[in-house]
Amino acid sequence: MSKFRIEIKPPDLRDYRKGNRGIPYVTSFDSGKAGPHVTVVALMHGNEICGAVALDHLFREAPRPARGTLTLAFANVAAYESFDAADPLASRYLDEDMNRVWHREILDGAGSSSELDRARALRPDFEQADFLLDLHSMQSSSTPLILAGLTEKSLGLARNVGSPALIVRDRGHEAGPRLRDYGNFADDSAPQTALLVECGQHWEKASADTAIDVTRRFLAACGILDESENARILEDATAPQRVIAVTEAVTVASSDFRFLGNFRGLEIIPKAGTVIAQDGGREIKTPYDDCVLIMPSRSIAPSQTAVRLGRYDD
């Protein structure tokens, strides 16, 4: 019996398998009018099902952009299809984390896995996106947040979307780059822009509601809906946004890593030098006063990110 409560029903994706882009589970809606190519991605991790709920919701509404093109993509469907509510963490991926392979050297390399092969199939389509939204969720019940990266264009897009209220600016993982940081998305001199949104705890209903809302706001911020609809959506009241600047990510070095508190994320540790974890014989200490803990992980192994350390940038 799983210790997690599964409040979201995983949607049946069989009707979306064929798609219309020559890639399974990738479908585009072309307005026939000039405008940006906007892509929304769900299921980069197979057990983060709120994004699949949001895309299924969009499909059922029969999305029709007023300008440009909208593409909806289900990424790691193979892992998603292995989802078991009795062991929901197991279906994050089959062979490797799909959100650690987004670098040209990795994609062009000789390696092979279920996730890497799927990433290679999706790559040409993602490279056509002017704006990309990657929908994710978190292990612990925590406030939704936008992982906006370090570029000014991603910060600007996050502010235009307007929600969630927390924007986290981070460099990424030692284990490998995310889709948000792939190619032109991470180049401030290129116009292409991507955001990653953590919508809440993996299987809470609220995370699906957030995924639906942030997707709607993202499409409006990218300007592909009817002008009046774009304005109406973005005028909806949202909480003022705050920015957290991540200064470092704690990468696990040993097989004996443990937190010294029941951290769930966004805790503010008042004093610099506070020990928050043990990694073998190494103490993990906060580097400054009022240090914010971002997304502490409970399923960790050597070379993975245990927690990000940051501070409010306002």
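**Helix packing and aromatic pairs in a predicted model**

Colleague: How do the axes of H5 and H6 lie in this predicted model: roughly parallel or roughly perpendicular?

Modeller: The model is predicted. Helix H5 (residues 152–161) packs on helix H6 (residues 205–221) at an angle of about 115°, with the axes 8 Å apart. Angles of 65 to 115 degrees count as roughly perpendicular, so H5 is, relative to H6, roughly perpendicular.

Colleague: Which class of residue, nonpolar, polar or charged, has five members in the contact of H5 with H6?

Modeller: H5 passes H6 in a right-handed crossing. The contact involves Leu-157, Asn-160 and Val-161 from H5, together with Val-214, Arg-217, Phe-218 and Ala-221 from H6. One of these residues is polar and one is charged, while the class with five is nonpolar.

Colleague: Are the rings of Tyr-16 and Phe-59 stacked or edge-to-face?

Modeller: Tyr-16, in the segment before strand S1 (26–30), and Phe-59, in helix H1 (residues 50–60), are 43 residues apart. Their ring centres are 4.1 Å apart and their planes lie at 15°. Planes under 30 degrees apart count as stacked, so the pair is stacked.

Colleague: How are the rings of Phe-259 and Phe-263 arranged, stacked or edge-to-face?

Modeller: Phe-259 is buried at a relative accessible area of 12%, and Phe-263 is buried at 13%. Their ring centres are 6.1 Å apart with planes at 85°, so the arrangement is edge-to-face.

Colleague: Which residues form one aromatic cluster with Tyr-16?

Modeller: Tyr-16 is buried, with a relative accessible area of 10%, and Phe-59 counts as buried at 15%. The aromatic cluster joins Tyr-16 with Phe-29, Phe-59 and Phe-74.

How values were computed. Residues are numbered from 1 along each chain as its sequence is written. This is a predicted model: local features need pLDDT of at least 70, side-chain atom pairs count only at pLDDT 80 or more; totals for chains, interfaces and linings use all residues. Side-chain values use heavy atoms; hydrogens and water are left out. Axes are lines fitted to C-alpha atoms, for helices over the stretch in contact, and angles run from 0 to 180 degrees between N-to-C directions. Helices (H or I, at least four residues) and strands (E, at least two) are DSSP runs, numbered from the N terminus. Angles under 35 degrees count as roughly parallel, over 145 as roughly antiparallel, 65 to 115 as roughly perpendicular and the rest as oblique. A crossing is left-handed if the near helix is turned anticlockwise from the far one by less than a right angle, and right-handed if clockwise. Contact means heavy atoms within 4.5 Å. Ala, Val, Leu, Ile, Met, Phe, Trp, Tyr, Cys and Pro count as nonpolar, Asp, Glu, Lys and Arg as charged, and the others, Gly among them, as polar. Rings of Phe, Tyr and Trp (its six-membered ring) pair if their centres lie within 6.5 Å; planes under 30 degrees apart count as stacked, over 60 as edge-to-face and the rest as tilted. Buried means under 20% relative accessible area, exposed over 50%, partly exposed in between (1.4 Å probe, protein chains only).
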